[in-house]
Amino acid sequence: MYYIYMIRCEDASIYTGITTSFTRRFAEHCGAGGKGARYTRSHRPLALLALWQCEGRSEASRLEYRIKRLPKARKEQLALSGDLTILEGLPQPERYQKAVWEEV
């Protein structure tokens, strides 16, 4: 199982990534283990905004790529709604299920 996540950073920016364990990855972004992304070392993460799950890495990578290409206003809209249908042309949005951090 892969997870695609959006997190809010201290400077109000949004970081998007993929992982097999969101709990572990968020801790890494916060400084535990030293494996956080370069971006989150200088833009400290504050909170989870949105989380989806899917079966394969390639699907997760495709969704991450599409989200990262969005302008910030659309990322904010996506984070609030969680509705992937706002990503025009996303093939089979039903492949991605909203997830809850407590379940991960």
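Colleague: Which residue stands opposite Q53?

Modeller: This is a predicted model, where local features need pLDDT of at least 70, side-chain atom pairs count only at pLDDT 80 or more, and totals for chains, interfaces and linings use all residues. Residues are numbered from 1 along each chain as its sequence is written, and side-chain values use heavy atoms, without hydrogens and water. Strand 3 (residues 45–54) and strand 4 run antiparallel and are joined by two bridges; strands are DSSP runs of E, at least two residues, numbered from the N terminus. Opposite Q53, in strand 4, stands Q97.

Colleague: What is the order of the four strands in the open sheet?

Modeller: Two strands pair if DSSP finds at least two bridges between them. The edge strands, each pairing on one side only, are strand 2 (14–19) and strand 4 (97–98). With antiparallel pairing, the order is 2-1-3-4.

Colleague: How many degrees lie between the planes of Y15 and Y39?

Modeller: Rings of Phe, Tyr and Trp (its six-membered ring) pair if their centres lie within 6.5 Å; planes under 30 degrees apart count as stacked, over 60 as edge-to-face and the rest as tilted. Y15 and Y39 are 5.9 Å centre to centre and count as stacked, with an angle of 20°.

Colleague: Why does Y39 count as partly exposed?

Modeller: Buried means under 20% relative accessible area, exposed over 50%, and partly exposed in between (1.4 Å probe, protein chains only). Y15 counts as buried because its relative accessibility is 13%. Y39 counts as partly exposed because its relative accessibility is 31%.
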